[in-house]
Amino acid sequence: MRVILIDDEKGPLGLFTEYIADKNVNCSFFTEQAQDCLTAIKAEKFDAVFLDIRMPMPNFSDGVALAQKIIEIDKNIKIFFITAYSFNEVDIKNKIGKNLIKICQKPFSKADVDEWINLLQKSLRYERRILIKTFGEFSLHVDNELIKFDSLKSQELLAYLVHYNGNYAYRDRTATYLWQNQEDSKKIFSSLKNERFNLKQLLNRYELDDLVCFERGRMRMNMLPNIECDSWKLLKHGVIFDAEIHGEYMRNYEWGSEGFSFYPLVKK
């Protein structure tokens, strides 16, 4: 992630730098040079701006006014205010709108900064478009990028969780379905453990770790609002148009043929 921190005091700048040292965050710093900050945002893409509310700046009455100008340049940028003073939260929210993530208090600790970064990550994730296709070959796409799985079985494991439509898939049943031709239960459970690990690693790598809820002995998909899935759409609305269907449901997998009886719900 790329962020900007704007503060007229050097103390908070130094602390912020120290606290994000263990994060995958690239931070640019500015003091009162509002114009330099605006130039940087025009030239490069940043995910968020952390800025003080009260600081002396030419051409801007306060940090809120500067934030409004920043949003004019990048309508998707996230705003965090950091202040040691009282403020009118309603007024700030009205001026900044959906770009405002949090108004933060000074002094701040590392735990505070960790929370802010987590909020930013969550906000950015929910803006990503996640597309899951279950008719034809199962596939996962994030912002139009096809995700390549580390193994075919970890891909099948995710497909099986999607098939469960947000309900829990328990270990024994999952192992039985994914390794139908394997009789050695010890090997089956070992294989499931490995593929579960592979799937977790893949999701973490693509910052999709909230896509699946992993618990002891069971797993389930999190029904995130930014997920679009053809079979989930069918189950939710009770109908889907033929143009949205491309092949048989989960056709790559033996258990797919034992799935839902979708086709009576498909309209031409």
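## Helix α3, a four-stranded sheet and two enclosed spaces

Let's start with helix α3 (residues 63-73), whose buried residues are G63, V64, A65, L66, A67, I70 and I71; buried means under 20% relative accessible area, exposed over 50% and partly exposed in between, with a 1.4 Å probe and protein chains only. Helices (H or I, at least four residues) and strands (E, at least two) are DSSP runs, numbered from the N terminus. The model is predicted, so local features need pLDDT of at least 70 and side-chain atom pairs count only at pLDDT 80 or more, while totals for chains, interfaces and linings use all residues. Residues are numbered from 1 along each chain as its sequence is written, and side-chain values use heavy atoms, with hydrogens and water left out.

What covers the buried residues of α3? The cover includes β1 (2-6), α2 (34-43), β3 (48-52), β4 (78-83) and α4 (89-96), where contact means heavy atoms within 4.5 Å. At the N-terminal end of α3, D62 acts as a cap, with a side-chain oxygen 3.2 Å from the backbone nitrogen of V64. A polar contact is a pair of N or O atoms within 3.5 Å; within protein, one must be able to donate a hydrogen and the other to accept it, and residues adjacent in sequence count only if both atoms are side-chain atoms.

Now to the sheet. Four strands make up an open sheet of mixed pairing, in the order β8-β7-β6-β12. The edges are held by β8 (145-146) and β12 (227-229), each with a single partner strand, so one side of each has no neighbour in the sheet. Two strands pair if DSSP finds at least two bridges between them. Strands β6 (residues 130-133) and β7 (residues 139-142) run antiparallel and are joined by four bridges, and I130 has V142 as its bridge partner in β7.

I130 also helps to line the largest cavity, together with R125, Y126, E207, L208, D210, L224 and N226. This cavity holds about 40 Å³ of space. On a 1 Å grid over the protein atoms alone, a cavity is a set of points where a 1.4 Å probe fits but cannot get out, and a pocket is an open set with protein on both sides within 12 Å along at least five of seven lines; lining residues have an atom within 4 Å of a point. Grid points are joined across faces, edges and corners, and a volume is the space filled by probe spheres set on the points. N226 sits in the loop between β11 and β12 and is buried, at 11% relative accessibility. Beyond its neighbours within four places in sequence, N226 is in contact with R125, Y126, R128, R129 and I130.

The largest pocket has a volume of about 260 Å³. Its lining consists of R171, F189, L192, K193, R196, R216, G217, R218 and M219. Two or more of the lining residues come from each of α8 (185-205) and β11 (218-221), and α8 gives the most, with four residues.

Two residues other than glycine with positive phi are set out here:

| Residue | Phi | Loop | Relative accessible area |
|---|---|---|---|
| D143 | near 50° | between β7 and β8 | 44%, partly exposed |
| M250 | near 45° | between β13 (240-241) and β14 (266-267) | 1%, buried |

In another loop, between β5 (100-105) and α5 (110-125), lies P107; a cis peptide bond with omega about -5° joins K106 to P107.
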